[in-house]
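The following exchange examines how certain descriptive terms are justified for this structure. The model is a predicted one.

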Amino acid sequence: MDSVVTRADAQQQARFAEYWPIAAQALGELYGRADGFERWLQELREAVIAAAAQRPSELRDRDQLPSDTEWWAAETVVGYSAYVDRFAGTLRELPGRLDYLQELGVSYLHLLPLMKPRQGESDGGYAVADFEDVDPALGSLADFRALIGEANERGIRIVIDLVCNHTADDHNWALAARQGDPRYRDYYHFHEDPAQVDALERHLIDVFPKSAPGNFTYVAERAAWVWTTFYPFQWDLNYSNPAVFRAMSEVLFNLANMGIAGFRLDSTAFLWKRPGTSCRNLPEVHGILTAWRALLSIVAPGVVLKAEAIERLEEVLPYFGAADGSRECDLAYNNGVMAALWASLALGTAAPAYRLIDAAAAKPAHGVWVNYVRCHDDIIFSALSPFVPKALQRRAALQLAGQALDSFSDGRVFQEFDGVPSINGMAASLAGREQDHATRQRLRLLYGVTFALGGLPVIYMGDELALENDLSYEADPARSGEGRWIQRPSMDWRRAAEGAASGSLAGLVRDDLARLARTRAENPAFHAHAACELAEGQPEALLAFIRGAGAEAVQVVANFSMAATQARVLLDSGRGWRDLLSSREGTSETIELAPYDVLWLRGQR
Ligand code: OTU
């Protein structure tokens with residue numbers, strides 16, 4: 001039989017017709033002036049067609065399901081972020097832990113870096129030596145494929161980190177560059193003139209001012225400095241070289257065709273450099289992301305792209321693309337709201353959360369926030385500017401670091417930006433020193449708001465069991481110099497076995513989070529694109545907003561203070577209201593919230 005055009009093929013062709021011009025335009029703007037651009041573009045075109053043709057049929061079938069369009073916006077999706085080794089040990093053991101995740105209501109599993117890392121220190125896997133292999137300490141590529149297959153069968157999407165801004169200094173490309181191979185030398189940014197390096201440095205900010213000062217590292221073999229925004233062993237890729245774009249695109253296509261459902265694009269802000277600027281969030285970065293989104297829409301349309309840009313809101317918003325619907329990343333970390341929730345908790349006032357939630361609503365309609373409480377990095381407060389005064393940011397940070405008389409937190413200062421410290425610590429330790437009696441309520445409050453906001457909520461591994469700071473890194477010479485390890489504990493499976501019935505904090509918190517996930521999934525008001533109206537005129541301690549509309553609307557009220565507070569019922573509650581989380585019911589127009597309480601109210605029908 002010749003040329004049987006299946007439905008899937010026809011759809012792929014239609015997608016090609018729609019998205020190739022978008023990619024070609026963005027790439028023309030980035031690379032159009034380079035020698036041989038037309039030929040390069042033609043080759044990329046062929047690579048895209050080949051990748052689309054190689055997409056396995058079961059994935060192609062999934063691509064066509066209506067439920068696959070914007071699956072990440074559904075109220076049923078809750079994420080979980082974990083390191084493979086710390087969560088399960090190995091890739092082979094991970095499938096055995098999927099039941100646990102499903103009981104928690106998780107269907108989006110973000111695995112922190114798992115590609116083959118650099119030998120020795122690797123910044124928690126963020127220095128990749130081979131994008132085509134997994135970390136041998138975690139298992140084999142076959143184990144990885146088996147995990148993806150098992151997860152997909154259960155309806156759990158696997159999202160992984162793509163460390164796209166840099167490679168390890170022992171990646172083959174870097175090794176060849178170090179040897180002077182001109183082809184690979186151009187994969188990185190080398191500067192021979194120290195005066196030039198100084199001139200660049202004057203405009204750059206150090207990401208790790210204490211542990212990795214400076215943005216360049218001397219490479220003796222080349223008698224030159226190579227650009228290293230992060231650690232000296234993380235060499236920034238040179239995206240002004242079209243070959244780098246092509247190489248990383250191939251990495252994306254291969255992983256997408258293995259069944260990966262999404263990518264956390266690490267350090268997106270830094271992908272493009274221009275002398276005389278801070279080399280963060282440059283317009284060309286958005287060109288790269290526009291092109292990747294369009295190319296993936298041809299090859300693997302259901303694959304989601306998540307921007308990791310821990311920047312101020314005005315700089316984060318463009319990562320979604322433009323208001324006219326042109327897409328870049330579908331998801332972006334809502335780091336401003338995350339930091340604001342912590343500031344609100346520390347200060348006992350809802351004001352920071354209110355301001356940042358209000359401001360974050362200014363995103364393009366198609367963008368979906370990733371809402372989260374903690375992650376593997378420090379909490380940086382700079383995104384609270386210009387909405388929260390510096391002095392308050394600083395007070396909140398010190399409060400969380402336990403450096404205030406009335407502090408309930410056990411965090412640690414990591415580094416300082418513009419006079420405001422960033423903070424390390426597990427959520428449970430930040431929510432209550434030695435798990436004081438309010439730890440459960442504070443965790444429930446933060447997650448209760450995070451699960452209710454517009455977006456996709458992601459649980460950080462261990463928060464569901466109130467895992468505390470892990471101090472073991474202090475005694476490990478390989479990790480002791482890096483404070484972020486305090487929030488990267490190993491899973492405590494013994495604690496996970498304690499149910500809520502045991503009355504243990506772990507059991508109760510896990511039950512709280514599972515309930516949030518379940519309740520969220522049952523209420524269309526929590527779809528990412530459902531309305532979110534902030535309520536004004538509430539007491540200072542209260543955050544109140546209404547999700548959804550009509551009979552389905554849910555009013556969320558959260559009390560950030562340690563005093564009981566009265567909230568007004570804003571729903572049309574002619575027949576009374578019911579709190580979906582506690583099953584408390586009533587007909588009154590005001591409700592008393594206990595310290596740190598959070599309610600999800602619905603009108604009674
Ligand atoms: C990201 O971090 C990762 O999340 C970090 O774990 C890595 O160390 C880093 O990239 C390098 O790969 O650049 O745009 O604490 O928030 O380094 C944001 C600082 C980043 C991190 C910052 C971040």
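Q: What makes the pairing of D123 with an oxygen atom of the ligand a polar contact?
A: An N or O atom in the side chain of D123 is 2.5 Å from an oxygen atom of the ligand. A polar contact is a pair of N or O atoms within 3.5 Å, so this pair qualifies.

Q: Why does the pairing of D378 with the ligand count as a polar contact?
A: In the side chain of D378, an N or O atom lies 2.3 Å from an oxygen atom of the ligand. That value falls within 3.5 Å, and therefore the pair is a polar contact.

Q: How do you know that R484 makes a polar contact with the ligand?
A: The separation between a polar side-chain atom of R484 and an oxygen atom of the ligand is 3.1 Å. The limit is 3.5 Å, so the term applies here.

Q: How much of the area that the ligand exposes when taken alone does the protein bury?
A: The protein buries 98% of the 500 Å² that the ligand exposes alone.

Q: Which residue classes make up the shell around the ligand?
A: The shell divides into seven nonpolar, seven charged and four polar residues.

Q: Why is helix α13 called roughly perpendicular to helix α15?
A: The axes of α13 (residues 335-347) and α15 (residues 390-400) cross at roughly 75° and come within 9 Å. Angles of 65 to 115 degrees count as roughly perpendicular, so the description holds for α13 and α15.

Q: Which residues of α13 and α15 meet?
A: From α13, W342, A343, A346 and L347 meet L392, R395, A396, Q399 and L400 of α15. By class, this contact has seven nonpolar, one polar and one charged residues.

Conventions:
Residues are numbered from 1 along each chain as its sequence is written. This is a predicted model: local features need pLDDT of at least 70, side-chain atom pairs count only at pLDDT 80 or more; totals for chains, interfaces and linings use all residues. Side-chain values use heavy atoms; hydrogens and water are left out. A polar contact is a pair of N or O atoms within 3.5 Å; within protein, one must be able to donate a hydrogen and the other to accept it, and residues adjacent in sequence count only if both atoms are side-chain atoms. Accessible areas come from the Shrake-Rupley method with a 1.4 Å probe; for residues, only the protein chains shown count as cover. Ala, Val, Leu, Ile, Met, Phe, Trp, Tyr, Cys and Pro count as nonpolar, Asp, Glu, Lys and Arg as charged, and the others, Gly among them, as polar. Axes are lines fitted to C-alpha atoms, for helices over the stretch in contact, and angles run from 0 to 180 degrees between N-to-C directions. Helices (H or I, at least four residues) and strands (E, at least two) are DSSP runs, numbered from the N terminus. Angles under 35 degrees count as roughly parallel, over 145 as roughly antiparallel, 65 to 115 as roughly perpendicular and the rest as oblique. Contact means heavy atoms within 4.5 Å.
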